[in-house]
Amino acid sequence: MSDSVTGTIVMPVLNEAAGIERNLDRLFHLLNDQWQVVVVDGGSTDDTLLKLQAFPVKVISSQAGRARQMNAGANSVSGELIVFLHADTQLPDDFMPQMNKFIHSRCMWGRFDVELDDPRWLFKIISWFINQRSWITGVCTGDQALFLRRELFTRLKGYVDIPLMEDVEFTLRARKVTRPYRITAPVLTSARRWIRHGPVKTVLLMWWLRLAFRFGVSPQRLHSWYYGSSR
């Protein structure tokens with residue numbers, strides 16, 4: 001396989017007009033026309049779809065929900081390598097050579113380390129703990145830009161259609177196949193959720209939700225808790 005390995009970026013969006021142009025500009029600069037980008041809109045009511053017209057992306061529509069949107073995007077293409085990228089997350093500068101290393105490995109899936117885009121020390125500590133937790137447990141979240149081979153996506157039948165924790169549930173199944181391939185060059189992701197609700201409250205909420213999920217609390221109930229606490 002050549003050093004310019006190609007694949008597909010699947011990006012679920014919902015009302016991302018505020019930042020979608022900036023992030024897609026940078027993304028296409030990195031990809032250098034060698035990757036396909038599929039944007040899956042979950043019913044945006046702002047100018048997201050209008051702003052997407054300026055970019056060479058494949059746009060498809062889906063019912064809202066990241067699991068549904070990511071499944072729809074992955075099932076609309078046939079490439080070997082798929083990267084699931086949130087609209088508020090930026091890939092590292094060495095994304096292309098990193099993907100080439102992965103495709104030549106024996107691993108079936110992986111993730112990036114993460115860096116929150118707030119320079120304050122507390123957010124650097126939060127990023128460090130996220131990365132260490134993921135490295136120790138092999139459980140990852142969508143903010144870490146999960147990537148995988150088509151073969152694994154097909155074998156696991158994609159994401160389970162649940163309203164929350166779809167990424168955790170998927171990686172719990174994926175790690176039974178292989179440990180995740182770790183790329184320490186971090187993706188840069190938005191700290192807006194942490195800033196809006198407070199970093200300490202958000203950390204405690206995330207820990208509580210994951211613990212409750214592992215003990216069998218339904219994703220539907222977790223969803224109501226999460227969005228109830230965000231009001």
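**Exercise 1. Salt bridges**

Task: How many salt bridges does a search of the whole structure find, and which parts of the chain does the pair of Arg-192 and Glu-16 link?

Solution.
- Step 1. The search of this predicted model returns 11 salt bridges.
- Step 2. Take Arg-192 and Glu-16. Their side chains meet in a salt bridge, with 3.1 Å from N to O. The cut-off for such a pair is 4 Å.
- Step 3. Place the two residues. Arg-192 belongs to helix H8 (residues 192-197), while Glu-16 sits in the loop between strand E1 (8-13) and helix H1 (20-31). They are 176 residues apart, so the pair links distant parts of the chain.
- Step 4. Check accessibility. Arg-192 is partly exposed, at 38%. Glu-16 is buried, at 13%, because buried means under 20% relative accessible area.
- Step 5. Look for further partners. Asp-88 joins Glu-16 and Arg-192 in a network of salt bridges.

**Exercise 2. Two more charged pairs**

Task: Asp-113 pairs with Arg-111, and Glu-151 pairs with Arg-155. Are the residues of each pair buried or partly exposed?

Solution.
- Step 1. Begin with the general idea. Side chains of opposite charge can pair when their charged atoms come close.
- Step 2. Asp-113 and Arg-111 form a salt bridge with an N to O distance of 2.4 Å.
- Step 3. Asp-113 has a relative accessible area of 7% and is buried. Arg-111 is buried as well, at 1%.
- Step 4. In the salt bridge of Glu-151 and Arg-155, N and O are 3.3 Å apart. Both residues lie in helix H6, with a spacing of 4 residues, about one turn of the helix.
- Step 5. Glu-151 has a relative accessible area of 49% and is partly exposed. Arg-155 is also partly exposed, at 46%.

**Exercise 3. The rings around Phe-84**

Task: What is the geometry of the pairs that Phe-84 forms with Phe-153 and Tyr-159, and which parts of the chain do they tie together?

Solution.
- Step 1. Start from the total: the structure holds 11 aromatic pairs.
- Step 2. Phe-84 and Phe-153 have ring centres 6.1 Å apart and planes at 35°, so this pair is tilted.
- Step 3. Phe-84 is in strand E4 (residues 81-84) and Phe-153 in helix H6 (residues 150-155). The pair therefore ties together parts that are 69 residues apart in sequence.
- Step 4. Both rings belong to buried residues: Phe-84 has 2% relative accessibility, and Phe-153 has 3%.
- Step 5. Phe-84 also pairs with Tyr-159, at 5.2 Å centre to centre and 85° between the planes, an edge-to-face arrangement.
- Step 6. Tyr-159 lies in the loop between H6 and helix H7 (166-174), so its pair with Phe-84 in strand E4 ties together parts 75 residues apart in sequence. Tyr-159 is buried, at 4%.

**Exercise 4. A cluster and a charge**

Task: Which residues form one aromatic cluster, and which residue lies over the face of Phe-102?

Solution.
- Step 1. List the cluster: Trp-35, Phe-95, Phe-102, Phe-112, Phe-147 and Tyr-181.
- Step 2. Turn to Phe-102. Arg-149 lies over its face, 5.0 Å from the ring centre.

**Exercise 5. The cysteines**

Task: How many disulfides does a search of the whole structure find, and why is Cys-107 not bonded to Cys-140?

Solution.
- Step 1. The search finds 0 disulfides.
- Step 2. Examine Cys-107. Its closest cysteine sulfur is that of Cys-140, 12 Å away, which is too far for a bond. A disulfide needs the sulfur atoms within 2.5 Å.
- Step 3. Repeat from the other side. Cys-140 is in no disulfide, and its nearest cysteine sulfur is that of Cys-107.
- Step 4. Compare the settings. Cys-107 is partly exposed, at 21%, whereas Cys-140 is buried, at 0%.

**Exercise 6. The surroundings of Ser-134**

Task: Where does Ser-134 lie, and what does Ser-134 touch, not counting residues up to four places away in sequence?

Solution.
- Step 1. Ser-134 is part of helix H5 (residues 121-137).
- Step 2. At 1% relative accessibility, Ser-134 is buried.
- Step 3. With residues up to four places away in sequence left out, Ser-134 touches Arg-111, Val-139, Cys-140 and Gln-144.
- Step 4. Connect this with earlier exercises. Arg-111 is the salt-bridge partner of Asp-113, and Cys-140 is the buried cysteine at 0%.

Conventions. Residues numbered from 1 in each chain as written. Predicted model: local features only at pLDDT ≥ 70, side-chain atom pairs only at ≥ 80, totals over all residues. Heavy atoms only, no water. Helix = DSSP H or I, 4+ residues; strand = E, 2+ residues; numbered from the N terminus. Buried < 20%, exposed > 50% of the residue type's maximum accessible area, 1.4 Å probe, protein only. Contact = heavy atoms within 4.5 Å. Phe/Tyr/Trp six-rings, centres within 6.5 Å; stacked < 30°, edge-to-face > 60°. Lys NZ or Arg CZ within 6 Å of the ring centre and 35° of its normal.
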